[in-house]
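Work through the exercises below with the model open. Try each task before reading its solution.

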Amino acid sequence: MKISGSWLAEVRRLFLVMFAGGLLGWTLGYPYIMVAAALFLLCCFWLRQMWKIRRWLSEPEEEPPESHGIWGVIYDRIYALQRENREARTQLQSSLDYLQDSFASMREGVVMLSESGAIEWSNASAERLLGLKYPTDRGQPLLNLVRFPEFHQYFLAGDFNEILQLVVPADQEQVLQIEVTPFGKGDKLVFVRDVTSIARLERMRRDFVGNVSHELRTPLTVIMGYIDTLLSTGVGGKAPMEKPLMHMQQQSRRMENLLKDLLWLSRIESVVAEEKLDEIDIAGLARKLQEEMQANHPERHLVLQLDSQHKVLGDYRELDSALSNLVNNAIKYSAEDSPVIISWCKDQGEYLLSVSDQGVGIDGMHIPRLTERFYRVDDSRNAKTGGTGLGLAIVKHVVAAHDAQLRISSEVGKGSTFTIAFKG
């Protein structure tokens, strides 16, 4: 395509046409008419160029028409943009094909959704896990085809920070894990994974721990009974026997506490999904705990800061257990002359139940693992601070069962604050 001139050449052409028309009109005695006629002819030329552009754009695969001046520049620029657009589309389609080929080979189900929630693409695993059929279901709303009430509620809520795990209604043994990831301008990727085997193993673990803990209680009770009898009757009062028996009694009670916590944790895990409908007076619960602590630890000072009388829906025993564990930890890891503070207040739409101490504090590197079973910061096993290692694990499960959040802040040498944040 030959290109000559630019928009400046087109301006010169305009003035040249006007000058030629005026000169010819002056010669013939009709200067204005001839100028108008020359401009009319120039407009016709421009209109023809516009028509050629319109016809070319309707068939963009054809070569651009030949022209000169500004029109040639316009044709060239449009042609260059078309070429760049085709190359970009080809590259994008190649990337999309590669992405879809990668997703197609995955064992997890993958569904691409438009901004409106309509299915754009899905792999074979999504057909197996969700019952989808691609390309038959293309353009259909996902919620019309996947009829899981929990998934509907999760998807419509629009909060995808947490991964959804649900039991398939048609098959109570199958457990699916669903994760939604937004991308682009409102589009979404839905990943579906079959975690039935993992859920089964977790259930077996809970059952094993619960059954073993239950079976150990009977022989442990017998052992503790005989030890207490020996110590109370004076048989163990003899010097060679007294110290071993007292040590056996101490360790037996410690094992009993461990079994109690294991059984309680197993119970909480088994009912974590149950709906909590009882109204619990948190302020009243804190006052009751203060009375118990004054009786069991009269040397300690438990301060209540109750700025709210709000009641939460929950399980009284579970919340009592969680708060007791937090307070006991605060007492263990702080000096006898320092207070432990329980606060209950509303802040920015949340209701916060906090337990604060002025104890040894916790290094930040340990905080992410504090709620793991049997995790200890200092590996302490002494009688003062060595608990069962299950207290914070119990707290974590109680918090999850009440749809709340556990927040931990601590500074070494200055103390710690454990906060349970309930939704307003």
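**Exercise 1. A helix over a sheet**

Task: find which strands helix H6 lies across, and at what angle H6 runs to S3.

Solution. This is a predicted model. Start at helix H6, residues 149-157. H6 lies across strand S1 (109-113), S3, S4 and strand S5 (187-194). Relative to S3, H6 runs at about 160°.

**Exercise 2. Strand order**

Task: give the order of the five strands in the open sheet, then explain why one side of S2 and of S3 has no neighbour in the sheet.

Solution. Read across the sheet: the order is S2-S1-S5-S4-S3. The pairing is antiparallel. Next, look at the edges, where strand S2 (119-122) and strand S3 (164-167) stand. Each has a single partner strand, so one side of each is left without a neighbour in the sheet. On average, neighbouring strands here are turned by 25° against each other, direction ignored.

Now take one pair. S3 and strand S4 (residues 175-183) run antiparallel and are joined by four bridges. For a landmark, find Leu166, which stands opposite Leu176 in S4.

**Exercise 3. Two packed helices**

Task: describe how H10 and H11 pack, and sort the residues of their contact.

Solution. Two values are needed, because packed helices are described by the angle between their axes and the distance between the axes. For helix H10 (residues 316-332) and helix H11 (residues 391-401), the angle is about 140° and the axes are 9 Å apart. The crossing is left-handed.

Then list the contact:

- H10 supplies Glu318, Leu319, Ser321, Ala322, Asn325, Leu326 and Asn329.
- H11 supplies Gly391, Leu392, Ile394, Val395, Val398 and Ala401.

Sorting these residues gives eight nonpolar, four polar and one charged.

**Exercise 4. The nonpolar cores**

Task: locate the largest nonpolar core and trace the contacts of Val327.

Solution. Begin with the general tendency: in soluble globular proteins, nonpolar side chains tend to be buried together. In this model, the largest nonpolar core has 43 residues. Val327, Ile342, Trp344 and Phe422 have the most contacts inside it. H10 gives the largest share of this core, seven residues.

Leave aside neighbours within four places in sequence. Val327 is then in contact with Leu289, Met293, Leu302, Ile342 and Val355. Another core, of 23 residues, lies apart from the largest one; Leu130, Val146, Phe148 and Val192 are among its residues.

**Exercise 5. The whole chain**

Task: state how many helices and strands the chain has, and what share of its residues is buried.

Solution. Count the elements: eleven helices and twelve strands. Of the 424 residues, 37% count as buried.

Notes
Residues are numbered from 1 along each chain as its sequence is written. This is a predicted model: local features need pLDDT of at least 70, side-chain atom pairs count only at pLDDT 80 or more; totals for chains, interfaces and linings use all residues. Side-chain values use heavy atoms; hydrogens and water are left out. Axes are lines fitted to C-alpha atoms, for helices over the stretch in contact, and angles run from 0 to 180 degrees between N-to-C directions. A crossing is left-handed if the near helix is turned anticlockwise from the far one by less than a right angle, and right-handed if clockwise. Contact means heavy atoms within 4.5 Å. Ala, Val, Leu, Ile, Met, Phe, Trp, Tyr, Cys and Pro count as nonpolar, Asp, Glu, Lys and Arg as charged, and the others, Gly among them, as polar. Two strands pair if DSSP finds at least two bridges between them. A nonpolar core is a set of buried Ala, Val, Leu, Ile, Met, Phe, Trp, Tyr and Cys residues joined through side-chain atoms within 4.5 Å. Buried means under 20% relative accessible area, exposed over 50%, partly exposed in between (1.4 Å probe, protein chains only).
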